[in-house]
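Thanks for coming, everyone. I'd like to walk you through a structure that is new to most of us, so let's put it up on the screen.

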Amino acid sequence: MLAFQMAMVSDKVHAEMVQAREFPELSDQFHVHGVPHTNINQGKGEAIGAIPEADLVHEIEAALKN
Amino acid sequence: MANLLNKDILRQLSEIFKALSRPVVLLFFNDNSDHCETCEQVSQLLEEIASISNMIIVKQFIIENAQQVAEKYGVEKTPAIVVCAQEGENLVDYHIHFYGIPSGMEFETFIQTIMMVSNGETDLEKETIAFLQDLKKPVHLQVFVTPT
């Protein structure tokens, strides 16, 4: 839900829910084991589990520096 | 196929949907191949949801026959749902996509997303909103889930 809220606020943010079992290749590509698993900018960053809002912001900031 | 949503859920949703302020358009992309296991189910689920409120409109596309639309909304795989708001004649695209069936826990997220897109409001912290509004580069968030 957090990802979708972010997409709502900023035109720069695109957010997707992906059912891992229906898209196994994509899940393998990003090494999805536990869910929810949030992949940021095609593997530049990730967040595993339902993390707090501020932590996701932090992960996005870090991914943008990579 | 039997109904996916039972009477209790339909009743709850019709209460929730009373708070919709702008019409929500759900663009659904299916495909012609038979590898798409849940396409038919997703299609039915969306039609059942749309039948509850005239503020929810479903537009179904076969991706092979609607490549321009798919490209416009950045859809490359199926089943895909794009959640947009309608303002007058225009669709407002917030770049919110669901790939695969939004069932189990994700059903709740899906309904919450419909409400958010309709009402245009989030409960994000001020700091988060400031950070997002200041973004210079694109951010692509893919949230992987499993049905529960």
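Let's begin in chain B, with strand 3, which is mostly covered: six of its eight residues are buried. Before I go on, please keep in mind that this is a predicted model.

So who sits beside that strand? On one side, strand 3 of chain B, residues 80-87, pairs with strand 1 of chain B, residues 24-30, in the antiparallel sense over six bridges. If you want a spot to look at there, find B:Phe28, which stands opposite B:Ile81 in strand 3 of chain B. Strand 3 of chain B also pairs with strand 4 of chain B, again antiparallel, over seven bridges. Here the pair to look for is B:Val82 and, opposite it in strand 4 of chain B, B:His97. Those two strands, 3 and 4 of chain B, make a hairpin with two residues between them, and B:Gly88 in the turn has a positive phi of about 60°.

Now zoom out to the whole sheet. How many strands form it, and in what order? There are eight in an open sheet, and the order runs 3(A)-2(A)-5(B)-1(A)-4(B)-3(B)-1(B)-2(B), with mixed pairing. As you can hear from that order, strands of chain A and chain B both take part. The edges are strand 3 of chain A, residues 45-48, and strand 2 of chain B, residues 56-62, each pairing on one side only. On average, neighbouring strands of this sheet are turned by 25° against each other, direction ignored. Packed on the sheet is helix 1 of chain A, which touches strand 1 of chain A as well as strands 4 and 5 of chain B. The direction of that helix makes about 150° with that of strand 1 of chain A.

A quick reminder for anyone new to sheets: strands pair through backbone hydrogen bonds, either parallel or antiparallel.

Let's go to the chain A edge. Strand 2 of chain A, residues 37-40, and strand 3 of chain A pair in the antiparallel sense over four bridges, and A:Thr38 stands opposite A:Ala47 there. Which side chains of strand 3 of chain A are buried, and which are not? They alternate: A:Gly45 and A:Ala47 point to one face and are buried, while A:Glu46 and A:Ile48 point to the other and are not.

These two strands also form a hairpin, this one with four residues between them. In its turn is A:Asn41, with phi near 45°, a positive value in a residue other than glycine. A:Asn41 counts as buried because its relative accessibility is 13%, under the 20% cut-off.

That brings me to the backbone oddities. Most residues other than glycine have a negative phi, and most peptide bonds are trans. Besides A:Asn41, look at B:His95 in strand 4 of chain B, where phi is near 60°, also positive in a residue other than glycine. B:His95 is buried too, at 17% relative accessibility. As for cis peptide bonds, one joins A:Val35 and A:Pro36, with omega about -5°, and A:Pro36 sits in the loop between helix 2 and strand 2 of chain A. Another runs from B:Thr78 to B:Pro79, with omega near -5°; B:Pro79 is in the loop between helix 3 and strand 3 of chain B.

While we're around helix 2 of chain A, what about A:Ser27, which lies in it? A:Ser27 is buried, with a relative accessible area of 5%. Not counting residues up to four places away in sequence, A:Ser27 touches A:Ala20, A:Val32 and, over in the other chain, B:Phe144.

Last stop, the largest pocket. How much space lies in it? About 510 Å³. It is lined by 23 residues, and the closest to its centre are A:Met1, A:Pro36, A:Ala50, B:Glu106 and B:Val143. So A:Pro36 comes back, the residue we met at a cis bond. Helix 1 and strand 1 of chain A, plus helix 4 and strand 5 of chain B, each supply at least two lining residues. Which of them gives the most? Helix 4 of chain B, with five residues. By class, the lining has 14 nonpolar, six polar and three charged residues.

That's the tour. Happy to go back to any view.

Notes. Residues are numbered from 1 along each chain as its sequence is written. Chains are lettered from A and ligands numbered from 1 in the order in which they are written. This is a predicted model: local features need pLDDT of at least 70, side-chain atom pairs count only at pLDDT 80 or more; totals for chains, interfaces and linings use all residues. Side-chain values use heavy atoms; hydrogens and water are left out. On a 1 Å grid over the protein atoms alone, a cavity is a set of points where a 1.4 Å probe fits but cannot get out, and a pocket is an open set with protein on both sides within 12 Å along at least five of seven lines; lining residues have an atom within 4 Å of a point. Grid points are joined across faces, edges and corners, and a volume is the space filled by probe spheres set on the points. Ala, Val, Leu, Ile, Met, Phe, Trp, Tyr, Cys and Pro count as nonpolar, Asp, Glu, Lys and Arg as charged, and the others, Gly among them, as polar. Two strands pair if DSSP finds at least two bridges between them. Axes are lines fitted to C-alpha atoms, for helices over the stretch in contact, and angles run from 0 to 180 degrees between N-to-C directions. Contact means heavy atoms within 4.5 Å. Buried means under 20% relative accessible area, exposed over 50%, partly exposed in between (1.4 Å probe, protein chains only).
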